[in-house]
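Reader: I should like to work through this structure by question and answer. Please show it before we begin.

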Amino acid sequence: MTALASDPMPALAVRALRAGYGSGGDIVRGIDLDVAPERILAVIGPNGSGKSSFVKTLAGLLQVREGSIRVTGNDVTRLSPAKRVSAGMAYVPQEANVFASLTIRENLQLATELLRDRPGIGPDRQARVMDMFPEVAGRPRTLAGNLSGGQRQMLAFACALLANPEVLLLDEPSAGLSPRFVDDIMQAVVRVRESGVTVVLVEQNVAAALRIADEAMVLVAGQKTLWAPAADVSDADLAELFLPGGH
Amino acid sequence: MVAQLVVNGLVTGLLLALPALGLTLVFGILKFPNFAIGAMLTFGAYTAYLANVAAGLPLAMAAVLAALATGLVAVACDALVFSRLRDRGAITLLVASMGVSLVLENVCRFFFGNATRNFDVAVSRPLRWEGVRINHEQIVTACVVLGCLVFLQLLLRASPLGRAIRAVADNPSLAAVRGVERQTVVRITWFLAGALAAVAGVLAALDRAVDPLLGWNYQIPVFAAAILGALGSPVGAVVGALVIGLAEELSSLVIPTSYRQAVSFSLILFLLLFRSRGLFGAKAVRK
């Protein structure tokens, strides 16, 4: 889906994005996309298709070789990961997504205290985020490393949201969680969207992702092979796209 | 006799705590042991000597200037050497720090020669309490080091900068996407390490004298202290330093004092063989 001239400014606009590791070849190979505000985009694809590399590139952890990334119209392509947070891009990695040796309170403090020029952060925002994640609000002195996988994920969401992001990038939030926690996590993602944040959700659990997503993008070998409303993506489409040589 | 050795050991341990903290802070965020910590200690002592004897400043002010100057030198070392080798691995950085150590030590030799020098301070009589002799220098050392430790503990535990340092040590990529500029934190940590080494250099020279090998005398005990406390753990470094200080002093009950450094070597050997994580290295949390 490409935004039309009459559409509102996309929350996230990516043009001809190429990225890779070191001196190796491109992993992300010419991706274009526009995500409208307050939508959930599910990024799905087979193992090794470049999904995680794609969101790492958006977050600034993988250097852009070509192309551009805009958040609510502002070009963030050349910004450091830290400055992208100030520009409205938040990222929750798949693993090690909290500071294990810091307490819950310290994790939450650190989420905003170095963001001097980010609007909308402060006590009001903190109160709203804590309402969304009561699991982490009541145990400020607990070491984050002693939380369960699901609780860590909630804390990571809370930390990312405290920065009042326009776009939240989630890299496989359900990885390693039991089915009961997967539902909790997906409901948390919906609550995040309802709070006005655009979500880019990378997921291996395709069924769970498509249930809550508005749009879906299929990545194969670092390239966009399908973009469609999530409700219109059928199992047959996915089987064809996921199989080697199927696109 | 034993009480005297305990007092001496505690003061020696406190003196070791500052460079051990500098070593462990840099290790925490950059994951390499900075071999130049001893040379930074020497450089700090000479800078303070320059300010105290050549410029005529009181030693306290000279120590502050030495801390600032050595902190800036440590930042310069990072900018000129370590940051360019950041992605080359711990062994490369360790070897580079040996080179930096030689350069700093020989800069001191070039300007000041090999002769030992002393600060311009009044000689004062030692205190005697219950048969234990306590030097003026030991009291100064204990007070200054304890003040530095309280300051550092507050900085690391109760300030945004301290949380940022601990966050970068824990997970640098996550810190970056939480708004922490790693390079800024790295430079501030280098400054702290240099300043701590310089303060230790002034205190060490107050006890001994300023000479080009001043830092080298502390190199092995400082490494032993940091390893004993688990590299990367600030509290561990302080406890490790106190244990090393006490062990070195009390060892004189059973071995000649000239073999004192063998205690540090033996402890390092023991730790590497039986407890490579150090005393505070048990994984309390899952990473």
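Reader: How many residues does each chain bring to the contact between chain A and chain B?
Author: The model under discussion is predicted. In this model both chains take part in the contact, and the count is given for each of them. Chain B contributes 18 residues and chain A contributes 27 residues.

Reader: Which element gives the most to the side of chain A that touches chain B?
Author: The elements of chain A that give two or more residues to this side are α2 (81-86) and α3 (104-110). The largest contribution, four residues, comes from α2(A).

Reader: How do the residues on the side of chain A that touches chain B divide into nonpolar, polar and charged?
Author: Two residues on that side are charged and seven are polar. The nonpolar residues on that side number 18.

Reader: Which strands stand at the edges of the four-stranded sheet of chain A?
Author: The four strands of this open sheet follow the order β2-β1-β4-β5 in chain A, with antiparallel pairing. An edge strand has a single partner, so one of its sides is left without a neighbour in the sheet. The strands in that position are β2 and β5 (74-75) of chain A.

Reader: Which residues are the partners of A:Arg18 in β4(A) and in β2(A)?
Author: Strand β1 (residues 12-20) of chain A is joined by six bridges to strand β4 (residues 64-71) of chain A, and the two run antiparallel. Seven bridges join β1(A) to the antiparallel strand β2 (residues 26-35) of chain A. Opposite A:Arg18 in β4(A) stands A:Glu66. In β2(A), the bridge partner of A:Arg18 is A:Arg29.

Reader: Which residue takes a positive phi in the hairpin of β1(A) and β2(A)?
Author: In β2(A), A:Asp34 is the bridge partner of A:Ala13. The hairpin of β1(A) and β2(A) has five residues between the strands. The residue with a positive phi, near 50°, is A:Gly22.

Reader: Which strands are at the edges of the six-stranded sheet of chain A?
Author: This open sheet of chain A has the order β6-β7-β8-β3-β9-β10 and mixed pairing. Each edge strand pairs on one side only, and these strands are β6 and β10 (223-229) of chain A.

Reader: By what angle are neighbouring strands of the six-stranded sheet turned against each other on average?
Author: The six strands belong to an open sheet of chain A. With direction ignored, the average turn between its neighbouring strands is 20°.

Reader: Which residue is the bridge partner of A:Leu219 in β10(A)?
Author: Strand β9 (residues 215-220) of chain A and β10(A) run antiparallel and are joined by six bridges. Within β10(A), the partner of A:Leu219 is A:Lys224.

Reader: What angle does the direction of helix α7 (residues 179-194) of chain A make with that of β8(A)?
Author: Helix α6 (residues 149-162) of chain A packs on the sheet, touching β6 and β7 (167-171) of chain A. Helix α7(A) also packs on the sheet, where it touches β3 (40-44), β7 and β8 (198-202) of chain A. The direction of α7(A) makes an angle with that of β8(A) of about 155°.

Reader: Is A:Met89 buried or exposed?
Author: A:Met89 lies in strand β6 (residues 89-92) of chain A. Among the residues that A:Met89 touches are A:Leu58, A:Val71 and A:Leu169. A residue counts as buried if 20 or more other C-beta atoms lie within 10 Å of its own. Because A:Met89 has 29 other C-beta atoms within 10 Å, A:Met89 is buried.

Reader: How are α2(B) and α3(B) oriented to each other?
Author: The axes of helix α2 (residues 37-54) and helix α3 (residues 59-80) of chain B come within 8 Å and cross at roughly 135°. The passage of α2(B) across α3(B) is a right-handed crossing. Angles from 65 to 115 degrees count as roughly perpendicular and those over 145 as roughly antiparallel. The crossing angle therefore makes α2(B) and α3(B) oblique.

Reader: How do the residues of the contact of α2(B) with α3(B) divide into nonpolar, polar and charged?
Author: Residues of α2(B) in the contact include B:Met40 and B:Phe43, and those of α3(B) include B:Leu59 and B:Val73. The division is 13 nonpolar, four polar and no charged.

Technical notes
Residues are numbered from 1 along each chain as its sequence is written. Chains are lettered from A and ligands numbered from 1 in the order in which they are written. This is a predicted model: local features need pLDDT of at least 70, side-chain atom pairs count only at pLDDT 80 or more; totals for chains, interfaces and linings use all residues. Two strands pair if DSSP finds at least two bridges between them. Two residues are in contact if their C-beta atoms, placed from the backbone, lie within 7 Å. Ala, Val, Leu, Ile, Met, Phe, Trp, Tyr, Cys and Pro count as nonpolar, Asp, Glu, Lys and Arg as charged, and the others, Gly among them, as polar. Axes are lines fitted to C-alpha atoms, for helices over the stretch in contact, and angles run from 0 to 180 degrees between N-to-C directions. Angles under 35 degrees count as roughly parallel, over 145 as roughly antiparallel, 65 to 115 as roughly perpendicular and the rest as oblique. A crossing is left-handed if the near helix is turned anticlockwise from the far one by less than a right angle, and right-handed if clockwise. A residue is buried if 20 or more other C-beta atoms lie within 10 Å of its own, exposed if 12 or fewer, and partly exposed in between; C-beta atoms are placed from the backbone. Lists of a residue's contacts leave out its neighbours within four places in sequence.
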